[in-house]
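Open the model in your viewer, keep the sequence panel beside it, and follow the selections below in order.

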Amino acid sequence: MSHSPPTDQPTHARVWEELQCATQDREHEWRTPVLATTGADGSVQARTVVLRRADGEAQALTFYTDSRSPKVAQLRAAPSASLVFWSRRLNWQLRVQAAFSVQVSGPQVDAAWLAVSTSATAAADYLGAGAPGARLSDGCVAAGDRHHLAILTARVQSMDWLELSADGHRRGRLSASGVDWLVP
Ligand SMILES: Cc1cc2nc3c(=O)[nH]c(=O)nc-3n(C[C@H](O)[C@H](O)[C@H](O)COP(=O)(O)O)c2cc1C
């Protein structure tokens, strides 16, 4: 991999701007990062999730999930997890290490449910009678009347940014105080 000294440094703020855009622009490739958690047996468990909110000031990223999904139990047991974002348009990969917390009730969950429930399809994701991953043969197709929406909040601890370029790849550890340049 070739690499060159950094010139037009993408700032921490610029990366947060892109994350913020991804919460609004359905076409933004950073809208659907991969979340990797640690399973109960120590294995890595990775899956795609939708980025719902990006708050640069609080250094926090928000996701919605079903409170019964295995990732919720995994994050409760091992809150430290990783997110990987890739954008072909930007040619940017962003690897985020974060500490996660789970909310299953309270005003923020109520507000999120209110927003989600305006779409019947989206609401159905959180109304299933069976937990995500449960066997269909166990008879859990019908929707229940209680939602299971949970909010996952990721407090960002570190960000590793990689830009692919024909002129030389660049990689930096980003923080509010600047960029610590690394060999790509
Ligand atoms: C494009 C895409 C977006 C997804 N978004 C979410 C999401 O926002 N929240 C979620 O819980 N699962 C989402 N999923 C489903 C997860 O990838 C996963 O299959 C499911 O949550 C079960 O994961 P778990 O068994 O590891 O908990 C999405 C899948 C795809 C393909």
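Begin by selecting Glu 163 and Trp 92, whose side chains are joined by a polar contact of 3.2 Å; bear in mind throughout that this is a predicted model. Glu 163 is found in strand 7, and with a relative accessible area of 16% it counts as buried, because the limit for that class is under 20%. If you set aside the neighbours within four places in sequence and display what remains in contact with Glu 163, you will find Asn 91, Trp 92, His 169 and Arg 170.

Keep Trp 92 on display and add Trp 30, Phe 85, Trp 161 and Trp 181, since ring pairs link these five residues into a cluster. The structure holds 5 aromatic pairs. In the pair to examine here, Trp 161 and Trp 181 meet edge-to-face, with 6.0 Å from centre to centre and 75° between the planes. This pair links distant parts of the chain, for Trp 161 belongs to strand 7 (residues 149-163) and Trp 181 to strand 9 (residues 178-182), 20 residues apart. Is each partner buried or partly exposed? Trp 161 has 0% relative accessibility and counts as buried, whereas Trp 181, at 24%, counts as partly exposed.

Next select helix 3 (residues 107-116), in which Val 109, Ala 112, Trp 113 and Val 116 are buried. Turn the view until you look down the axis of helix 3: its buried residues fall within an arc of 100°, and therefore they line one face of the helix. On the other side of helix 3 you will see Pro 107 and Leu 114, which are exposed. To follow what the buried residues of helix 3 pack against, add strand 4 (60-66), strand 6 (92-103), helix 4 (120-124) and strand 7 to the selection.

From strand 4, pick out Thr 62, which counts as buried at 11% relative accessibility. Leaving out residues up to four places away in sequence, Thr 62 touches Val 50, Leu 51, Arg 52 and Arg 53, and also Ile 151 and Leu 152.

Now move to the ligand and show the residues that surround it: Thr 32, Arg 47, Thr 48, Val 49, Val 50, Tyr 64, Thr 65, Ser 69, Pro 70 and Lys 71. Strand 2 (44-48), strand 4 and helix 2 (70-77) each supply at least two residues of this shell. Which backbone atoms should be checked against the oxygen atoms of the ligand? A backbone N or O atom of Thr 48 lies 2.7 Å from a ligand oxygen atom, a polar backbone atom of Val 50 is 2.9 Å from an oxygen atom of the ligand, and for a polar backbone atom of Pro 70 the distance to a ligand oxygen atom is 3.4 Å. Taken alone the ligand exposes 620 Å², of which the protein buries 59%.

Finally, zoom out to the whole protein chain, which has 4 helices and 9 strands and follows, read along the sequence, the pattern α-β-β-β-β-α-β-β-α-α-β-β-β. Along the principal axes, the C-alpha atoms of the protein chain fill a box of roughly 60 × 35 × 25 Å. Of the 184 residues of the protein chain, 39% count as buried, and the chain exposes about 10200 Å², with carbon and sulfur atoms supplying 51% of it.

Key. Residues are numbered from 1 along each chain as its sequence is written. This is a predicted model: local features need pLDDT of at least 70, side-chain atom pairs count only at pLDDT 80 or more; totals for chains, interfaces and linings use all residues. Side-chain values use heavy atoms; hydrogens and water are left out. Rings of Phe, Tyr and Trp (its six-membered ring) pair if their centres lie within 6.5 Å; planes under 30 degrees apart count as stacked, over 60 as edge-to-face and the rest as tilted. Buried means under 20% relative accessible area, exposed over 50%, partly exposed in between (1.4 Å probe, protein chains only). The arc is that of the directions from the helix axis to the C-beta atoms. Contact means heavy atoms within 4.5 Å. A residue is near a molecule or strand if one of its heavy atoms lies within 4 Å of it. A polar contact is a pair of N or O atoms within 3.5 Å; within protein, one must be able to donate a hydrogen and the other to accept it, and residues adjacent in sequence count only if both atoms are side-chain atoms. Accessible areas come from the Shrake-Rupley method with a 1.4 Å probe; for residues, only the protein chains shown count as cover.
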